[in-house]
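Please open the model in a viewer and keep the sequence panel visible. The tour below proceeds by selection, with a short account of what is found at each stop.

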Amino acid sequence: IRLALDRPGLLRTQVRALLRATAGIELRLLLPMVSAVGEVDMARATIEREQDLMRRRSVAGPTKVLVGAMIEVPSLLFELDSVLPRLDFLSVGSNDLPQYLFAADRNNTRVSGRYDPLSTSALRALLAIVEAADRHGKPLSLCGEMAGRPLEAMALLGLGFRSISMAPASIGPIKSMILSLDEAALQKWWREQVRSGEGNLRAALKRYAEAQAVDI
């Protein structure tokens, strides 16, 4: 988003194209790499400007425009209650958020193994997002690769995520895990573990899955 805001002509061209391409249907615009509330305000102003221009020119546009943000830059974690009223939906970047939290490039094999998404710091960040979305009544989804493994998907369900992404090959194992899981019981136990635990919680979740006969 910072690149787009630094080049307003490019952003306006892209927004105009999207508005025209979705004439007669709903448009959902997801802003990437948002790091501050002001970026959302500036992006929305550009979108509204292009909508107004199309109306004045009697150009057909979408029936509704919904604007969301990708939560993947850690600074936004401290502005959730300020940014969420400005958004219609949000999504968590489960690939980028952990690497920025731990300052470890996920594409660099020398450091990518130094962080675990099931550590308390990463899980508390994700829980804070879920709770903020609930407070403000905003639809929340998660993209990236984290939910493609049964144990990690189980952790996300326990935090409260209900819309997750994965590669097609992961659907079968994740479905088996979900069918063997009592989500309400997991959520009550897991949230308490995340709030009070320390270090890596992977082993604790594995023990819970074995005790509850969850297919992981």
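**A loop beside helix α6**

Begin by selecting K138, which lies in the loop between α6 and β4 (140-143). This is a predicted model. Next, add D88 to the selection: K138 and D88 are 50 residues apart along the chain, yet their C-alpha atoms are separated by 6.4 Å. Which residues is K138 in contact with, leaving aside its neighbours within four places in sequence? They are L84, P85, L87, D88, L90 and A133.

**Helix α6 and the nonpolar core**

Now select residues 120-136, which form α6. This helix gives 8 residues to the largest nonpolar core, the most of any contributor. The core itself has 60 residues, and those that touch the most other members are V92, I129, M154, F161 and W190. Display the side chain of I129 and its surroundings. Apart from neighbours within four places in sequence, I129 is in contact with I71, L77, L80, L90, V92, L97 and L140.

**Helix α9**

Move to residues 183-196, the 14 residues of α9. From its first C-alpha to its last, the helix reaches 20 Å, close to the 20 Å expected at 1.5 Å a residue. Which residues of α9 are buried? Select L186, W190, R191 and V194. These residues lie on the same side of α9 because they cover an arc of only 120° around the axis. In general, an α-helix has 3.6 residues a turn, so residues three or four places apart point the same way.

Colour the elements that cover the buried residues of α9; among them are α6, α7 (150-159) and α10 (202-211). Then turn to the other side of α9, where A184 and K188 are exposed. Finally, zoom in on the start of α9: a side-chain oxygen of D182 comes within 3.3 Å of the backbone nitrogen of A184.

**The whole chain**

Zoom out and colour by secondary structure. The protein chain contains 10 helices and 4 strands, arranged along the sequence as α-α-β-α-β-α-β-α-α-β-α-α-α-α. Its C-alpha trace spans about 65 × 35 × 30 Å along the principal axes. Of the 216 residues in the protein chain, 44% are buried. Among contacts between residues at least 6 apart in sequence, 68% join residues at least 24 apart. With a surface display switched on, the protein chain exposes about 11,100 Å², of which carbon and sulfur atoms supply 51%.

Terms used: Residues are numbered from 1 along each chain as its sequence is written. This is a predicted model: local features need pLDDT of at least 70, side-chain atom pairs count only at pLDDT 80 or more; totals for chains, interfaces and linings use all residues. Side-chain values use heavy atoms; hydrogens and water are left out. A nonpolar core is a set of buried Ala, Val, Leu, Ile, Met, Phe, Trp, Tyr and Cys residues joined through side-chain atoms within 4.5 Å. Buried means under 20% relative accessible area, exposed over 50%, partly exposed in between (1.4 Å probe, protein chains only). Helices (H or I, at least four residues) and strands (E, at least two) are DSSP runs, numbered from the N terminus. Contact means heavy atoms within 4.5 Å. The expected span of a helix is 1.5 Å times one less than its number of residues. The arc is that of the directions from the helix axis to the C-beta atoms. A polar contact is a pair of N or O atoms within 3.5 Å; within protein, one must be able to donate a hydrogen and the other to accept it, and residues adjacent in sequence count only if both atoms are side-chain atoms. Accessible areas come from the Shrake-Rupley method with a 1.4 Å probe; for residues, only the protein chains shown count as cover.
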